[in-house]
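Subject: Structure handover

Hello,

Here is the structure I promised to pass on. My notes follow below it.

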Amino acid sequence: MHKPLLSGAIALALGSAALPALAQSAGDWTVGVGVHAVDPKSDNGRLANGTLKVDIDRDIKPSVTFEYFVRDNLGVEVLAAWPFEHDINIAGLGRVGSTRQLPPTVSLQYHFNGQGRISPFVGAGINYTAFFSEDTTGALAGSKLKLDDSWGLAAHAGIDFAVGQRGAIRVDARWIDIDSDVALDGAKLGTVAIDPIVYGAAYVMKF
């Protein structure tokens with residue numbers, strides 16, 4: 001995580017240490033508003049029978065979460081965000097295109113120490129990533145690039161630092177399984193494994 005983002009979250013958490021906790025009870029709703037980075041893994045695979053090594057870069061955008069507590073400390077969360085945009089690079093050719101994507105994710109997650117000022121949580125769920133607005137440039141300029149949408153598993157972990165009775169600063173990270181079949185001018189080139197870590201911070205409000 002960027003150092004300023006993490007430092008700010010820690011400072012706010014320490015400043016709230018003497019305040020009441022954010023309780024997480026059955027029937028509660030929370031909304032989180034923050035900023036997250038989608039950071040693909042370093043090796044995104046090879047296309048065209050292994051001849052083209054692909055690298056997909058990261059992007060940072062505003063994010064929002066909605067969570068409903070079905071039981072005390074047990075919630076169902078939906079992640080949404082402003083569309084992320086990623087440059088696509090091929091070894092030896094440089095930047096050859098870009099794509100935008102939306103990665104809505106639904107997770108079931110358990111919050112430990114739900115009555116405390118510091119509440120870690122873990123979760124698991126399913127992700128659907130929709131790719132759109134693909135573009136080409138450089139060596140592939142003028143060609144039509146297509147990335148198929150992806151379904152995959154997701155894991156989530158983080159810590160909530162209570163700020164009063166109805167708010168918290170959240171620092172969290174997810175791993176998402178995102179694999180997309182790639183086609184160029186209608187010809188299938190293979191599959192890219194994006195599999196990003198999604199990390200960031202948010203302010204969470206209880207209703």
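Is Trp 151 buried or exposed? Trp 151 is exposed, because its relative accessibility is 62% and anything over 50% counts as exposed. Please keep in mind that this is a predicted model.

**Aromatic pairs**

A search of the whole structure turned up three aromatic pairs. Two of them are described here.

One pair is Trp 29 with Tyr 68. Their ring centres are 4.9 Å apart and their planes meet at 50°, so the pair is tilted. The pair ties together distant parts of the chain. Trp 29 sits in strand 1 (residues 29-39) and Tyr 68 in strand 4 (residues 59-71), 39 residues apart. How accessible are the two partners? Trp 29 has a relative accessible area of 45%, so Trp 29 is partly exposed. Tyr 68 is partly exposed too, at 32%.

Trp 151 belongs to another pair, with Tyr 128. This pair is also tilted, with 4.8 Å from centre to centre and 50° between the planes. Again, distant parts of the chain are linked. Tyr 128 lies in strand 9 (residues 118-136), Trp 151 in strand 11 (residues 150-162), and 23 residues separate them. Tyr 128 has a relative accessible area of 27% and is partly exposed, whereas Trp 151 is exposed.

**Strands 1, 4 and 5**

Strand 1 and strand 4, which hold Trp 29 and Tyr 68, also pair with each other. The pairing is antiparallel and runs over ten bridges. Within this pairing, Val 35 is opposite Pro 62 of strand 4.

Pro 62 counts as partly exposed because its relative accessibility is 48%. Pro 62 and Ala 80 are 18 residues apart in sequence. In space, their C-alpha atoms are 9.1 Å apart.

Strand 4 also pairs with strand 5 (residues 74-81). Eight bridges join these two strands, and they run antiparallel. Here two acidic side chains' residues face each other across the pairing: Glu 67 is opposite Glu 77 of strand 5. Strand 4 and strand 5 form a hairpin with two residues between the strands. Asn 73 takes a positive phi there, near 70°.

**Strands 6, 7 and 9**

Strand 6 and strand 7 (residues 94-102) are antiparallel and share seven bridges. Asn 89 is opposite Arg 95 of strand 7. These two strands form a hairpin as well, with three residues between them. Which residue in that turn has a positive phi? Gly 92 does, at about 90°.

Strand 7 continues the pairing to strand 9. Five bridges join them, and the strands run antiparallel. Leu 102 has Ala 130 of strand 9 as its bridge partner. Strand 9 is also where Tyr 128 of the aromatic pair is found.

**The three-stranded sheet**

Which strands make up the open sheet, and in what order? Three strands form it, in the order 10-13-14, with antiparallel pairing. Strand 10 (145-147) and strand 14 (187-193) are the edges, each pairing on one side only. On average, neighbouring strands are turned by 25° against each other, direction ignored.

Strand 13 (residues 179-184) is joined to strand 14 by six bridges. One example is Ser 180, whose bridge partner in strand 14 is Val 192.

**The largest pocket**

The largest pocket holds about 150 Å³ of space. It is lined by 14 residues. Closest to its centre are Leu 47, Ile 88, Ile 90, Leu 145 and Val 182.

Which elements give two or more residues to the lining? They are strand 3 (52-56), strand 6 (84-90), strand 10, strand 13 and strand 14. Strand 10, strand 13 and strand 14 are the strands of the open sheet described above. Strand 6 is the one that forms a hairpin with strand 7. The largest share, three residues, comes from strand 3.

What is the chemical make-up of the lining? It has 14 nonpolar residues, no polar ones and no charged ones.

Best wishes

Notes. Residues are numbered from 1 along each chain as its sequence is written. This is a predicted model: local features need pLDDT of at least 70, side-chain atom pairs count only at pLDDT 80 or more; totals for chains, interfaces and linings use all residues. Side-chain values use heavy atoms; hydrogens and water are left out. Rings of Phe, Tyr and Trp (its six-membered ring) pair if their centres lie within 6.5 Å; planes under 30 degrees apart count as stacked, over 60 as edge-to-face and the rest as tilted. Helices (H or I, at least four residues) and strands (E, at least two) are DSSP runs, numbered from the N terminus. Buried means under 20% relative accessible area, exposed over 50%, partly exposed in between (1.4 Å probe, protein chains only). Two strands pair if DSSP finds at least two bridges between them. Axes are lines fitted to C-alpha atoms, for helices over the stretch in contact, and angles run from 0 to 180 degrees between N-to-C directions. On a 1 Å grid over the protein atoms alone, a cavity is a set of points where a 1.4 Å probe fits but cannot get out, and a pocket is an open set with protein on both sides within 12 Å along at least five of seven lines; lining residues have an atom within 4 Å of a point. Grid points are joined across faces, edges and corners, and a volume is the space filled by probe spheres set on the points. Ala, Val, Leu, Ile, Met, Phe, Trp, Tyr, Cys and Pro count as nonpolar, Asp, Glu, Lys and Arg as charged, and the others, Gly among them, as polar.
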